[in-house]
Amino acid sequence: MDDTPLHERMRRYEALASETRKTANQRDKVGKAIGRRLAASVSDAVEREGANVEVLGQSADGDRYRFGARLDRAALVAALTETLPDGFVVSHVNDDGTLSVEWTGDERTPSKRQHGAVLKAIVAEELVLDDDGLVESVPTRDRVLARAVELGVDEGDAAARLDRLATLEVVDLDDGYVYPDENFSRY
């Protein structure tokens with residue numbers, strides 16, 4: 001057992017606790033600054049991509065129109081892969097438009113991670129759920145690859161990454177269709 005007097009241990013404890021508080025405050029400030037920078041990247045991408053607006057209906061007398069604005073999640077992810085700072089990638093875009101941006105731990109974001117994010121967003125965009133949350137329809141593999149090409153991903157790279165996402169159980173490739181698998185949704 002340590003023979004250091006208890007009052008000296010207590011002083012050391014207080015000094016360490018003070019250092020911990022200072023470090024935590026610095027960590028929080030840095031984290032908030034990173035969050036603001038990432039939010040600016042997202043805002044830039046949303047501004048460029050905008051939203052898809054469609055007419056939902058019209059009143060019987062023709063005086064009122066209803067519109068629906070929907071963010072094209074796949075286009076947003078593709079735009080974000082160009083604007084996010086190096087080392088960050090979109091890991092998921094939710095139905096409500098919220099999204100998760102993840103630090104890859106590297107100085108540069110690997111293109112395979114970017115392509116995977118785009119592919120996941122395409123599957124999420126094309127996925128139709130019924131009122132109970134059950135899958136009603138999913139995109140075909142060809143549709144996912146064609147949309148990836150529209151968004152600037154090389155077809156060969158997209159095909160290879162889609163196969164890798166299947167290996168990672170992010171998607172399930174079955175009979176020409178792409179289904180979300182157990183690791184698909186990350187918040």
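**Figure 1. Separation of domain 1 and domain 2 in the predicted model.** The centres of domain 1 and domain 2, taken over C-alpha atoms, lie 22 Å apart. Domain 1 covers residues 6-69 of the protein chain, and domain 2 covers residues 73-180.

**Figure 2. The interface of domain 1 and domain 2.** On the side of domain 1, nine residues are in contact with domain 2; on the side of domain 2, 11 residues take part. About 800 Å² is buried between domain 1 and domain 2, and carbon and sulfur atoms give 77% of that area. The residues of domain 1 that touch domain 2 comprise five nonpolar, three charged and one polar. Zero salt bridges are found across the interface of domain 1 and domain 2. Polar contact across this interface is found for one residue pair, with both residues at pLDDT 80 or more.

**Figure 3. Secondary structure and overall extent of the protein chain.** The protein chain holds eight strands and five helices. In sequence order, these elements follow the pattern α-β-β-α-β-β-α-β-β-α-α-β-β. The radius of gyration of the protein chain is 23 Å, whereas the globule rule gives 16 Å for 187 residues; the value is well over that of the rule, so the chain is more spread out than a compact globule. The C-alpha trace spans about 85 × 50 × 35 Å along its principal axes.

**Figure 4. Surroundings of P85 in the loop between α2 and β3.** The loop that holds P85 runs between helix α2 (73-83) and strand β3 (88-93). Apart from its neighbours within four places in sequence, P85 is in contact with four residues: R37, L38, S41 and T109. Of these, R37, L38 and S41 fall within the bounds of domain 1 (6-69), while T109 falls within those of domain 2 (73-180). V46 is 39 residues from P85 in sequence, and the C-alpha atoms of P85 and V46 are 16 Å apart in space.

Key:
Residues numbered from 1 in each chain as written. Predicted model: local features only at pLDDT ≥ 70, side-chain atom pairs only at ≥ 80, totals over all residues. Heavy atoms only, no water. Domains from an automatic or database assignment. Contact = heavy atoms within 4.5 Å. Buried area = accessible area lost by both parts, 1.4 Å probe. Salt bridge = Lys/Arg side-chain N within 4 Å of Asp/Glu carboxyl O. Polar contact = N/O pair within 3.5 Å; in protein donor to acceptor, adjacent residues only side chain to side chain. Nonpolar A, V, L, I, M, F, W, Y, C, P; charged D, E, K, R; others polar. Helix = DSSP H or I, 4+ residues; strand = E, 2+ residues; numbered from the N terminus. Rg over C-alpha atoms; globule rule 2.2 N^0.38 Å.
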